[in-house]
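Please open the model in your viewer and keep the sequence panel beside it, so that each selection can be followed in both. The tour below moves from one selection to the next and says what is there.

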Amino acid sequence: MGITTNCGLSGSGTFPSAWNDGGGQLDMKKGKRQASHLGGAMDPEFDSLTAALRQMHDSIANEPVPNDFLDLLDQIDAKISATKKFS
Amino acid sequence: MEPQAKTVKQDASDDFRSQMVALIPSLRAFARGLCGNRELADDLAQEAMMRAWAAHESFTPGTNFRAWMFMILRNQFYTTMRKNSRMTSWDPEAAERLLVEAPPQQHHIHMTDVEKALKKLPAEQREILMLVGAGGASYEEAAEITGCAIGTVKSRLARGRVALAALINGPDEAVLKKPSASKRVRDEMSKHPDPTPSI
């Protein structure tokens, strides 16, 4: 699902954005998220600066999620479980 | 507490957790863009998640969760930046040297050049470039996260783009001469007078 926005100052257009909740999926097993807007319709006036910024964002977002984050989520899960147990 | 109320609360916690998991990649990317350091960025993102979880009962379901999380991360960044000298900070002298060195013009912009150049920008421009330019946030969302007016967001985005382009491609007269640079920013802003996106 796309979002229409003025994404930069060189033009506007429709693209499925990383900002859009309906976009990318996080696969915790693989630890990777599929970038949400890579396959989207690109703005015909999409400038190279915005493209480079988006590429930088996506390259980080597509990195495997470090184990530290998974450990943190485990802690949160434990708290949720504890809440359920005592409720 | 009534059993039904407890179930609702547990479901809310599960939803909150799910939304936070989905945001991890974007949080990491925004944090990396802000501080320019992988380890520090991940620390920032995790700290923001912990703070968000600690305050999850204060979040109003149905409001913009992503903006709320990014706001927490941003606040954490500025708090940490004040305490930590390793954080990237605006270095006008370094930026000036880069402007004067004037690398050859290139049509294609390399991602690593953008990363390096971003570190030279003031944080208030960097965060807007990361939110709107890199992450695709609307002006309204960026304004909500940064606590600025939409006009300020547009101005910082325009100035950030001009500065970033100058750092990457080298100076031109429009960037080095302040009056011309201002005109260039106004020209950029005038291209998009209406910031309202249609979803």
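A residue is called buried here if 20 or more other C-beta atoms lie within 10 Å of its own, exposed if 12 or fewer do, and partly exposed in between. Keep in mind throughout that this is a predicted model.

**First stop: helix H5 of chain B**

Select residues 111-120 of chain B, which form helix H5, and pick out its buried residues, namely Val114(B), Ala117(B), Leu118(B) and Lys120(B). If you turn the view until you look down the axis of H5(B), these buried residues fall within an arc of 150 degrees, so they line one face of the helix.

**Second stop: chain B as a whole**

Now select chain B entire, in which there are ten helices and zero strands, so that a reading along the sequence gives α-α-α-α-α-α-α-α-α-α. Of its 199 residues, 38% count as buried, and among the contacts in chain B with a separation of 6 or more, 70% are accounted for by residues 24 or more positions apart.

**Third stop: the nonpolar core**

Next, select Leu27(B), Ala31(B), Leu44(B), Leu73(B), Leu129(B), Ala142(B) and Leu164(B), which have the most contacts inside the largest nonpolar core, a set of 54 residues. At least two residues of this core come from each of H1 of chain A and, in chain B, helix H1 (3-35), helix H2 (38-54), helix H3 (65-83), H5, helix H6 (123-134), helix H7 (139-146) and helix H8 (150-169). The element that gives the most to this core is H8(B), with ten residues. Colouring domain 1 (3-83) and domain 2 (92-190) of chain B separately is helpful at this point, since both give residues to this core, so it lies between them.

For a closer view, centre on Leu27(B), which, once its neighbours within four places in sequence are left aside, is in contact with Ala45(B), Ala48(B), Met69(B) and Leu73(B).

**Fourth stop: helix H8 of chain B**

Is H8(B) largely enclosed by the rest of the structure, or is it largely open? Of the 20 residues of H8(B), 16 are buried, so this helix is largely enclosed by the rest of the structure. If you ask the viewer for the distance between the end C-alpha atoms of H8(B), you should find them 28 Å apart, which agrees with the 28 Å that its 20 residues should span at 1.5 Å a residue. Step on to Gly170(B), just after H8(B), where the backbone takes a positive phi of about 95 degrees.

**Fifth stop: two partly exposed residues**

Move to Ser13(B), which lies in helix H1 of chain B and is partly exposed, with 19 other C-beta atoms within 10 Å. Select Glu57(B) along with Ser13(B), and you will have a pair that is 44 residues apart in sequence and 8.3 Å apart in space, C-alpha to C-alpha.

Then go to Tyr78(B), in helix H3 of chain B, which is likewise partly exposed, with 13 other C-beta atoms within 10 Å. Its partner for this view is Cys35(B), and the two are 43 residues apart in sequence and 9.7 Å apart in space, C-alpha to C-alpha.

**Sixth stop: chain A**

Select chain A, whose secondary structure comes to two helices and four strands, running β-β-β-β-α-α from the N terminus on. Buried residues make up 34% of its 87 residues.

**Last stop: colouring by confidence**

Finally, colour both chains by pLDDT. Chain A has a mean of 61, with 41% of its residues reaching 70 or more; its confidence is lowest in strand S2 (residues 13-15), at a mean of 33, and highest in helix H1 (residues 48-61), at 92. Two stretches of chain A to select are residues 1-18, where pLDDT stays under 50, and residues 20-45, where pLDDT also stays under 50.

Chain B averages a pLDDT of 79, and 68% of its residues score at least 70; among its elements, helix H9 (residues 173-176) has the lowest mean, 41, and H7(B) the highest, 96. In chain B, pLDDT stays under 50 over residues 94-106, for which the model has 15 contacts beyond four places in sequence. Where pLDDT is low, the predicted coordinates should not be read in detail. For the model as a whole, the scores are ipTM 0.73 and pTM 0.69.

Definitions and conventions. Residues numbered from 1 in each chain as written. Chains lettered and ligands numbered in written order. Predicted model: local features only at pLDDT ≥ 70, side-chain atom pairs only at ≥ 80, totals over all residues. Arc of directions from axis to C-beta. pLDDT = per-residue confidence, 0-100. Contact = placed C-beta atoms within 7 Å. Core = buried A, V, L, I, M, F, W, Y, C linked by C-beta atoms within 7 Å. Domains from an automatic or database assignment. Expected span 1.5 Å × (residues − 1).
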